[in-house]
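Below is a short set of questions and answers about one protein chain. The sequence and model come first.

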Amino acid sequence: ALLILLIPLITLVASTLTFYLGYKPSTTNFNGKQLDPQIETTNLNLIEKSGEQFIFESGKWYIVYFDDFDDEELSLDRYKIARSSKQTLRRESHRLRRLVIYNDIEKFNKAESLRAKFPGVIFLYDKDNLFKQRVSENLSDPYVSKSMFLVDSFALVVWEFNVSLSFSDIFEDLESLL
């Protein structure tokens, strides 16, 4: 009986010691790319369709995609990935929102049929291109790279998922990060 009581205690002590002595994995298995430095999303001029300014809610995570609406098939694919990841997360799905950032109102209006297929996606107009500029300072132009980004619960852009990643690759990372 004493041995049964000591096993959890020994495990706890051993794991605590290895943590404080610096033993940890040298690499991670993530498919996306962690951003360093993280990109702040404060003081952006993101406008919702209703005309109100959008503010990132604390405690919510966001998948962000910058869309120029030039390639409807690629846009459709990226929106499906965002929708599927939210549906597949189940218990954590209430914490994840999907955003599409655009900077051309005329192309946005022409893409009405595409937008109608995804009612749960929040479309935001980057009025002064501030969001694009902040991302472009550290990475390539998000409209050209076609990457998806993850904004954490502190409203920081922390992760990039490049266009070559499949749904399952992105989902693995989201499941671990959330």
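Q: Which residues gather in a patch of negative charge on the surface?
A: Patches are made of residues with over 30% relative accessible area and no salt bridge, with like charges joined within 9 Å and nonpolar side chains (Val, Leu, Ile, Met, Phe, Trp, Tyr) within 5 Å. Asp and Glu count as negative, Lys and Arg as positive, and His and the chain ends are not counted; a charge is placed at NZ of Lys, CZ of Arg, CG of Asp or CD of Glu. The negative patch consists of D71, E72, E73 and D77.

This is a predicted model, in which local features need pLDDT of at least 70, side-chain atom pairs count only at pLDDT 80 or more, and totals for chains, interfaces and linings use all residues. Residues are numbered from 1 along each chain as its sequence is written, and side-chain values use heavy atoms, with hydrogens and water left out.

Q: What is the relative accessible area of E72?
A: E72 lies in helix α2, residues 72–88; helices (H or I, at least four residues) and strands (E, at least two) are DSSP runs numbered from the N terminus. Accessible areas come from the Shrake-Rupley method with a 1.4 Å probe, and for residues only the protein chains shown count as cover. Buried means under 20% relative accessible area, exposed over 50%, and partly exposed in between. E72 is partly exposed, at 44%.

Q: Which element gives the most residues to the largest nonpolar core?
A: A nonpolar core is a set of buried Ala, Val, Leu, Ile, Met, Phe, Trp, Tyr and Cys residues joined through side-chain atoms within 4.5 Å. The largest one has 31 residues, and F69, Y79, L96, F123, M148, L150 and F161 touch the most other members. At least two residues each come from β3, α2, β4, β5, β6, β7 and α7. With five residues, the top contributor is α2.

Q: How many residues apart in sequence are the parts that E57 and R97 tie together?
A: A salt bridge is a side-chain nitrogen of Lys or Arg within 4 Å of a carboxyl oxygen of Asp or Glu, and the count comes to five. E57 and R97 form one, with the closest N and O atoms 2.5 Å apart. Because E57 lies in the loop between β2 and β3 while R97 is in strand β4, the parts tied together are separated in sequence by 40 residues.

Q: Is K146, the salt-bridge partner of D68, buried or exposed?
A: The side chains of D68 and K146 meet at 2.8 Å, N to O. D68 is in the loop between β3 and α2 and K146 in the loop between α6 and β6, 78 residues apart. D68 has a relative accessible area of 16%. At 12%, K146 counts as buried.

Q: What is the relative accessibility of R115, which forms a salt bridge with E112?
A: The closest N and O atoms of E112 and R115 are 2.5 Å apart. Both are in helix α4, three residues apart, so about one helical turn separates them. E112 is partly exposed at 40%. R115 counts as buried, at 7%.

Q: What is the area of the nonpolar surface patch that includes L17?
A: L17 lies in helix α1, residues 2–20, and is partly exposed, with a relative accessible area of 48%. The patch is made by L2, L6, L9, I10, V13, L17 and L21, and its area is about 710 Å².

Terms used
Buried means under 20% relative accessible area, exposed over 50%, partly exposed in between (1.4 Å probe, protein chains only).
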